[in-house]
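Thanks, everyone. Let me put the model on the screen and walk you through it.

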Amino acid sequence: MTLCGGFSDDKPITDEIKAILATHQADIDKAVGGEFRPATVKTQVVAGTNFLLTGTVNNEAVRVKIFRPLPHTNEPTQLVEAKKI
């Protein structure tokens with residue numbers, strides 16, 4: 001069960017998430033030192049949507065956070081964090 005304002009439970013990676021991830025793949029790979037392979041995603045509705053992805057790089061756990069602003073802003077998604085955990 002998701003708490004109000006909290007992140008959802010883990011979900012599988014969808015085509016929508018893959019498309020969002022693709023726009024930031026080069027920056028993510030550079031930040032974590034290898035090719036990021038996502039495994040799951042959690043979402044959080046704020047003034048837009050936060051996507052918290054977990055996956056691996058060279059068998060090490062990695063977390064990536066991407067923010068998608070509300071549609072009316074016409075702003076692109078933003079890479080907020082990419083780090084080994």
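Which strands does helix H2 lie across, and at about what angle does it run to E5? Helix H2, residues 25-32, lies across E3, E4 and E5, and runs at about 30° to E5. Keep in mind that this is a predicted model.

Now the sheet itself. It is open, with five strands in the order E1-E2-E3-E4-E5. The pairing is antiparallel. Strand E1, residues 11-12, and strand E5, residues 78-84, stand at the edges. Each has a single partner strand, so one side of each is left without a neighbour in the sheet.

Let's go pair by pair. E3 and E4 are antiparallel and share ten bridges. They form a hairpin with two residues between them. Look at the turn: Asn58 has a positive phi of about 50°. On the other side of the pairing, six bridges join E4 to E5, again antiparallel.

Follow one residue across these strands. Ile66 in E4 stands opposite Phe51. Ile66 also stands opposite Leu79 in E5. Then take Val64, which stands opposite Ala82 in E5.

On to the core. Which residues touch the most other members of the largest nonpolar core? They are Ile28, Phe36, Leu53, Val64 and Ile66, out of 15 residues in that core. H1, H2, E3 and E4 each supply at least two residues of it. As a general point, nonpolar side chains tend to be buried together in soluble globular proteins.

Val64 is a good place to stop. Leaving out residues up to four places away in sequence, Val64 touches Ile28, Phe36, Phe51, Leu52, Leu53, Leu79, Glu81 and Ala82. So two of the names from the core list, Ile28 and Phe36, come up again among its contacts.

Next, a polar residue. Is His24 buried or exposed? His24 is buried, because its relative accessible area is 9% and the cut-off for buried is under 20%. His24 is found in the loop between helix H1, residues 15-22, and H2. Its side chain makes a polar contact of 3.3 Å with the side chain of Thr23. Not counting residues up to four places away in sequence, His24 touches Ile66, Thr77, Gln78 and Leu79.

Last topic: charges. How many salt bridges does the structure hold? Five. I'll pick out some of them.

Start with Arg68 and Glu16. Their side chains meet in a salt bridge at 2.6 Å, N to O. Arg68 lies in strand E4 and Glu16 in helix H1, so the pair ties together parts that are 52 residues apart in sequence. Arg68 is partly exposed, at 28% relative accessible area. Glu16 is partly exposed too, at 44%.

Then Lys84 and Glu60. Their closest N and O atoms are 3.3 Å apart. Here the link runs between strand E5, which holds Lys84, and strand E4, which holds Glu60, 24 residues apart. Lys84 is partly exposed, with a relative accessible area of 40%. For Glu60, also partly exposed, the value is 38%.

Finally, Lys83 and Glu81. This salt bridge has its closest N and O atoms 3.6 Å apart. Lys83 is partly exposed at 36%, and Glu81 is partly exposed at 24%. Add Arg63, and you have a network of salt bridges linking Arg63, Glu81 and Lys83. Remember that Glu81 was also on the contact list of Val64.

That's my tour. Questions, please.

Technical notes: Residues are numbered from 1 along each chain as its sequence is written. This is a predicted model: local features need pLDDT of at least 70, side-chain atom pairs count only at pLDDT 80 or more; totals for chains, interfaces and linings use all residues. Side-chain values use heavy atoms; hydrogens and water are left out. Two strands pair if DSSP finds at least two bridges between them. Helices (H or I, at least four residues) and strands (E, at least two) are DSSP runs, numbered from the N terminus. Contact means heavy atoms within 4.5 Å. Axes are lines fitted to C-alpha atoms, for helices over the stretch in contact, and angles run from 0 to 180 degrees between N-to-C directions. Buried means under 20% relative accessible area, exposed over 50%, partly exposed in between (1.4 Å probe, protein chains only). A polar contact is a pair of N or O atoms within 3.5 Å; within protein, one must be able to donate a hydrogen and the other to accept it, and residues adjacent in sequence count only if both atoms are side-chain atoms. A nonpolar core is a set of buried Ala, Val, Leu, Ile, Met, Phe, Trp, Tyr and Cys residues joined through side-chain atoms within 4.5 Å. A salt bridge is a side-chain nitrogen of Lys or Arg within 4 Å of a carboxyl oxygen of Asp or Glu.
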